[in-house]
There are 2 protein chains.
Amino acid sequence: MKPYVEMTKEELQELRKELSAQYKEFQGRDLKLDMSRGKPSAEQLDISMGMMDVLSSNDDLTCEDGTDCRNYGVLAGIKEAKELLADMMEVAPDHIIIYGNSSLNVMYDTVSRSMTQGVMGSTPWCKLDKVKFLCPVPGYDRHFSITEYFGIEMVNVPMTPTGPDMDLVEQLVASDDSIKGIWCVPKYSNPQGISYSDETVRRFARLKPAASDFRIYWDNAYTIHHLYDNDQDHLIEILAECKRAGNPDMVYKFASTSKVSFPGSGIAAIAASENNLTDIMKQLKIQTIGHDKVNQLRHVRFFKDIHGMVEHMRKHADIMRPKFEAVIETLEKELGGLQIGEWTSPKGGYFISFDCLDGCAKTIVAKCKKAGLVMTGAGATYPYGKDPHDSNIRIAPSYPTLPDLNQAMELFALCVKLVSIDHILAEKQ
Amino acid sequence: MKPYVEMTKEELQELRKELSAQYKEFQGRDLKLDMSRGKPSAEQLDISMGMMDVLSSNDDLTCEDGTDCRNYGVLAGIKEAKELLADMMEVAPDHIIIYGNSSLNVMYDTVSRSMTQGVMGSTPWCKLDKVKFLCPVPGYDRHFSITEYFGIEMVNVPMTPTGPDMDLVEQLVASDDSIKGIWCVPKYSNPQGISYSDETVRRFARLKPAASDFRIYWDNAYTIHHLYDNDQDHLIEILAECKRAGNPDMVYKFASTSKVSFPGSGIAAIAASENNLTDIMKQLKIQTIGHDKVNQLRHVRFFKDIHGMVEHMRKHADIMRPKFEAVIETLEKELGGLQIGEWTSPKGGYFISFDCLDGCAKTIVAKCKKAGLVMTGAGATYPYGKDPHDSNIRIAPSYPTLPDLNQAMELFALCVKLVSIDHILAEKQ
């Protein structure tokens, strides 16, 4: 196909007419398609239904160490759940605290605690004039919402194919002691599906922050969420690397089983150095009587161990892989060579990132919506919802069925084409 | 029995010798008894084991409104769980948000949010020089821990047989705008088992606080936790009463099923006015992807409705009642008429409160411990762990078996006697 920019005005107008007719036809279908969030499909949820059977009234709800999971007690999580999530998070069980059902909640609590109590003895952030976070962009909207909620100023750092621009990160972190954190989704990142390179992770571990209470918020949301069995991204483990680099306290690592078992009914965890965990436990013992141990036990009895979990994730991959491939295939078939968009081809995670021509993202998403396809809001992948180029669109292929997804992607490609033509035509005038 | 104070020095010394021998005998038994916390017994947990059977892989985990409980979504709780807890909390389902497993966590979050965000638009408390909470004493140690953790100054307000000293509450709240809250356990209070009188509740609802962001923290932890079927305390419902009094926004009401189903694996909730709920939802949508809906559904399928819950609580009562009666019986038999202690006889809840001679509580608890009986730490029922009279001891009869409890109470009474004799002898010198 000829790139749109190389087409004449007349050619574009002709094409526009044709595509508009197709769009009208789509509108007539009365579609209700949702690709807005990284929600597992019903088919994926079905593969975890065995979780509902592992604990019955005939079972003993006692831990290996004799703890009755039904009663109060055990603040940091039962031993066997710590072992399971430690293996998932590639850290030692001693470096883990098991939380409730949402790792987002753990991150929120971590920022909230820093606001009112400081970090390992530092001045509470709410007492400071200015607190900033670095935000690799595009990134995860819910991260940005937390920092915005607490009035923390967000500073954009561009993503590269190997992770955030580390020259910029190193420079900013070293020169500004109001920078207290950076949001990272280091593996199969949200939304691009990028995994940080070894060099990136090493440079993270060797940061020399001006602020002693600077922390890397390492949201390893997709740690075992591969699409392929023999082509998986691998990350240097950040806690160990920070320790080796002499910065053992510089990172909080987050994860959960939300997209392993059931979203909303999984278990979440934080991994950190002993100093950080001691700091966190001071809060935890005030905050709660402990998290849901029965659900922790349910997860352990269902998965048994990390191998069971990995086998389980292969079933997820079998459902996710065709969807990712369908998205890429449609994008290549419909948009390849047109020079009106670029996209990523992740090997795991939940998202594909699409970059359209500058200034077109909002219009494309709106056009999709008018024909019954809900995409993540344009701008959502940037702090304050402001994409400076108005070009990034997050594609979440997991929730729709494959036939719905194919329809949705055809419609999406059509909208990209139509909006791009209008954009180019306007520029030609 | 003759009151100890009326005994001669010689009589007391003789008695002391005899009781010391009994204490030595107790020490020889190598006891390990725990009456420190309000933990349900294993027997109580057993009556909820049916909860493990109501959801299996053959069941549809879909709500009445079509929501798939396994997936993301529904921030404030599924409709049927709201209905169940609304009935438990005696409010409308619209006035409820369902949380995770711990009402303590909800209270913590409520204070934490007020610290960083303020209350319905007020100045965040962390920006104020001074924030105070009123604390009816004796009270619940975990309430006091939350306010202490956030650097909130705690002001003691004495409890009376009808609730907190309302003259003092009214006066303090009206005159000091740094007073932002009051901790209440209005029904079968912790530790005294007192239920607030109608007059007390009415006066609460009619408070005229100097601070617009003053809130009553109404921890209705024992709302359906009666001991007797035909002799139950009843409270005027505080949300409705506040509304009638023209103060609809002045109260947060908390509850959970921790001592209904499983502690740590129950569901918690807050009830409040629409304005407050709107304020809370602003936080909630940032804080979490939602709470555990599968567990909400599990509770609904198990209890079915409030009648099912009430029937279930009768089973708890059948286990708790003999324990409470055994404690009271031993106290009356061993300490009645001696004038060395007073105690409450609650009709529900989890605690009995014991007041010994001033200056003796710490020594009594320490003496119990030396013979293998762990009581709640003396002082714990007061802010900062400081009981100004060193006289209040909380008795938690739920956890031990009845034979263990009888032994524990005999030992406790013995320690009270011994320490009281020492105290009286010291005063006679």
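**Exercise 1. Decide how exposed A:Glu90 is from its count of C-beta neighbours inside 10 Å.**

With 19 C-beta neighbours inside 10 Å, A:Glu90 counts as partly exposed, because a residue is buried if 20 or more other C-beta atoms lie within 10 Å of its own, exposed if 12 or fewer, and partly exposed in between, with C-beta atoms placed from the backbone. The model is a predicted one, in which local features need pLDDT of at least 70 and side-chain atom pairs count only at pLDDT 80 or more, while totals for chains, interfaces and linings use all residues. Residues are numbered from 1 along each chain as its sequence is written, and chains are lettered from A and ligands numbered from 1 in the order in which they are written.

Next comes the place of the residue: A:Glu90 lies in the loop between helix H3 (79-89) and strand S2 (96-98) of chain A, where helices (H or I, at least four residues) and strands (E, at least two) are DSSP runs numbered from the N terminus. The last step is the backbone, where phi of A:Glu90 is positive, near 60 degrees, in a residue other than glycine. Most residues other than glycine have a negative phi, and most peptide bonds are trans.

**Exercise 2. Describe B:Met120 by its loop, its phi and its exposure.**

B:Met120 is placed in the loop between H4 and S3 of chain B. Its phi is near 45 degrees, again a positive value in a residue other than glycine. With 17 C-beta neighbours inside 10 Å, B:Met120 counts as partly exposed.

**Exercise 3. Locate the cis peptide bond that ends at A:Pro191 and the one that ends at B:Pro138.**

In chain A, the bond from A:Asn190 to A:Pro191 is cis, with omega near 10 degrees, and A:Pro191 lies in the loop between strand S6 (179-184) and helix H7 (198-205). In chain B, the cis bond joins B:Val137 and B:Pro138, with omega about -5 degrees, and B:Pro138 is found in the loop between S3 and H5.

**Exercise 4. Work out how H12(A) and H13(A) pack, and which residues make the contact.**

Helix H12 (residues 361-370) and helix H13 (residues 402-428) of chain A pack at an angle of about 130 degrees, with their axes 9 Å apart; axes are lines fitted to C-alpha atoms, for helices over the stretch in contact, and angles run from 0 to 180 degrees between N-to-C directions. That makes H12(A) oblique to H13(A), since angles under 35 degrees count as roughly parallel, over 145 as roughly antiparallel, 65 to 115 as roughly perpendicular and the rest as oblique. From H12(A), the contact is made by A:Thr363, A:Ile364, A:Lys367 and A:Cys368, and the residues from H13(A) include A:Leu411, A:Phe412 and A:Cys415; two residues are in contact if their C-beta atoms, placed from the backbone, lie within 7 Å.

**Exercise 5. Find how many residues of chain A are in contact with chain B, and which helix gives the most.**

The contact involves 45 residues of chain A and 45 residues of chain B. Helices H2 (42-46), H4 (103-117), H5 (141-149), H9 (274-287) and H10 (293-303) of chain A each supply at least two residues of the side that touches chain B, and H4(A) gives the most, with six residues.
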